[in-house]
Each structure stands twice: as C-alpha cells, then as structure tokens.
Amino acid sequence: MFKSLLSKLTGSQQQQMDRPPEPQLDAATEALMRAIEEKRKTDPFIGAKLGGKEVFQQLLRAMKNERGVHVESLLCALGALAGYSCQANLRAQALAKGLPETATLITVGGANGKSYFFGDLLNQALAESQYSVWGLAAGAAQHNGCKSLPDINSIFTHVTETVGTDAFGIPRLPEGRVTSDTPINYLKALWPALFPVAKMFCKQPTEWPFMFGIAIQEALDAGREALPQDVALAIIMESAIPMSKVDLAAA
C-alpha cells in the first residue's frame, strides 16, 4: 500500500530516509516563493499555511482510488507525518546550533532493541500549545461541532506503556473503523516525499509541526460529513503520538 502511495507522489523510487530529495523549482514556483516571502512581513506563518494545504492536496490525490479517499487512512497518514515532524523539528534545530541531532531528546531503549525519543520539547510541539498538532486538530474539530474530545493523556500513557512491544504504534480504533496501513508504514513511505514541501514553504523547522497541523485541519474539514470529529481526532493522535517517538532511520 505505502509503496504505491510513494510512487504516486514522487514518480520515482524511495530516497534514503536521511537524504530527502531537494525541491526543484520552476519559474512559477520561484515566483510563488517570492510572493510568500513578501507576505511573511504581515503573516509570519503564511508559508506553513500554504504548505499545509499543498500537503493535503498531494496526499488527497495520492490516496484517491475509484471509490474516493478512505478518510480513516488519510487521517492516520497525516497524524503520523505531523507527529514525526515534531521530532524532525527538534533534530534540525539541534544541528543548526552545532549540537548532536538528539541533544534535546531523551533516548529510551525498547525491549525490541530499537530507540525511542521522549522529552518536554517534543511534547510541546505535539500537544502542549495552541499551535501544537493537538491544538490545531482539536480546534478544527471543535469548530466543526465536536463536543467530546478524546482523552489525550490516555493515548500518551498507552504509547509509553507499549514502547518496544508489538502493540506500539497500532491505533486503537472504534469498532468498525480500520486504516489501510499502519502509521509507521505511512511515515516511512510519505515522509521522504513530503518533507521537501515543508522545507520549501517553511522558513524555520519550528514551523513544520504547524504546517502538518494545517494539513490535518484541511482533512478534518473535508471529512466532517464522513466521520465523527471525535473519532477523527482519536485516529490522528493515536498515529501522531507514537510516530513522534520513533527512530525513522532504523524503522
């Protein structure tokens, strides 16, 4: 499933995880980037906002088949990307300061021999501010009429308790709800294809989680008639929280 998605997005074989393809700009795109730079004088987040819309549209096209778009799978994929962007942001900031990539992250070894990443800064980008992934997603869901938000703390607890086990990163969905693939498979396939969008539209790595949060808002708006917003939020965060903690290079 995820290989076919990547093929649709890139038209080529998957790049190495730590060396995503650099965007090649044509004249029209260069003009757009200049216009975005000018607009930043009055709206610092304009690039991330437009980048989020671009991510949503690219993923919508990639996941569409003869029956349309499977909303649960779209939200799972976006949640995975948004969650990992919180970690990628911290890695990029550390490198820019001449520090080791994981300098601001707490590394935890799982029973399966893999490494997982935790930390206050990671949680801030993920769920502890108005412009965090959770803040943007929950705000959009409430705007769309959601009256009951999922228990975000219980998701954090479940993720922590399942680190290094087969249950880690497997969304706990309401009965009758399924996704076409797992968050980690979506992340491995889609991050190399969509990370260049973040680098193109965002001025700073700190904007990456915001950008993917905007893409999530677009998906929540588009799918509000197809899926209850509380269920949609649960799918997003059941995917985002564990994927914020994975070592993608070793996944």
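**Cavities, pockets and charged pairs in a predicted model**

A search of the whole structure finds one cavity of 30 Å³ or more, where a cavity is a set of points, on a 1 Å grid over the protein atoms alone, at which a 1.4 Å probe fits but cannot get out. The elements that contribute two or more residues to the lining of this largest cavity are α7 (152–162) and α10, lining residues being those with an atom within 4 Å of a point; helices (H or I, at least four residues) and strands (E, at least two) are DSSP runs, numbered from the N terminus. The structure is a predicted model, in which local features need pLDDT of at least 70 and side-chain atom pairs count only at pLDDT 80 or more, whereas totals for chains, interfaces and linings use all residues. Residues are numbered from 1 along each chain as its sequence is written, and side-chain values use heavy atoms, with hydrogens and water left out.

The largest cavity holds about 40 Å³ of space, a volume being the space filled by probe spheres set on grid points that are joined across faces, edges and corners. His158, Val159, Thr162, Ala167, Phe168, Gly169, Ile170, Glu238 and Pro242 line the largest cavity, and the largest share of that lining, three residues, is provided by α7. The second largest pocket, a pocket being an open set with protein on both sides within 12 Å along at least five of seven lines, has a volume of about 280 Å³. Its lining comprises 17 residues, of which Lys114, Tyr116, Phe168, Ile184 and Val246 lie nearest the centre of the pocket, and both β2 (115–118) and α8 (183–201) supply at least two residues each. Phe168 is thus named in the lining of the largest cavity and also among the residues nearest the centre of the second largest pocket.

Lys245 is placed in the segment after α10 (229–243). This lysine is buried yet has no salt bridge, the nearest side chain of opposite charge being that of Glu128, at 9.1 Å. Buried here means under 20% relative accessible area, exposed over 50%, and partly exposed in between (1.4 Å probe, protein chains only); a salt bridge is a side-chain nitrogen of Lys or Arg within 4 Å of a carboxyl oxygen of Asp or Glu; and, for charge, Lys and Arg count as positive and Asp and Glu as negative, while His and the chain ends are not counted. With neighbours within four places in sequence left aside, Lys245 is in contact (heavy atoms within 4.5 Å) with Gln87, Ser115, Tyr116, Phe117, Phe118, Leu122, Asn123 and Val159.

Side chains of opposite charge can pair when their charged atoms come close, and nine salt bridges are present in the structure. In one of these, Lys41 is paired with Glu38, with the closest N and O atoms 3.0 Å apart; Lys41 counts as exposed because its relative accessibility is 65%, whereas Glu38, at 48%, is partly exposed. Another salt bridge joins Glu218 to Lys53, with the closest N and O atoms 2.8 Å apart. This pair links distant parts of the chain, Glu218 lying in helix α9 (residues 208–222) and Lys53 in helix α3, 165 residues apart; at 39% relative accessibility, Lys53 counts as partly exposed. Arg177 and Glu72 likewise meet through their side chains in a salt bridge of 3.0 Å, N to O. Because Arg177 lies in the loop between α7 and α8 and Glu72 in helix α4 (residues 71–96), the pair ties together parts that are 105 residues apart in sequence. Within this pair, Arg177 is partly exposed at 27% relative accessibility, while Glu72 is buried, with a relative accessible area of 8%. In addition, Glu37, Arg40 and Lys203 are linked in a network of salt bridges.

Helix α3 (residues 46–63), which holds Lys53, has 18 residues and reaches 26 Å from its first C-alpha to its last, close to the 26 Å expected at 1.5 Å a residue; the expected span is 1.5 Å times one less than the number of residues. The buried residues of α3 include Ile46, Val55, Phe56, Leu59 and Met63.

Gly135 is located in helix α6 (residues 133–143) and, at 21% relative accessibility, counts as partly exposed. By contrast, Pro192, in helix α8, is buried, with a relative accessible area of 2%. These two residues are 57 residues apart in sequence and 25 Å apart in space, C-alpha to C-alpha.
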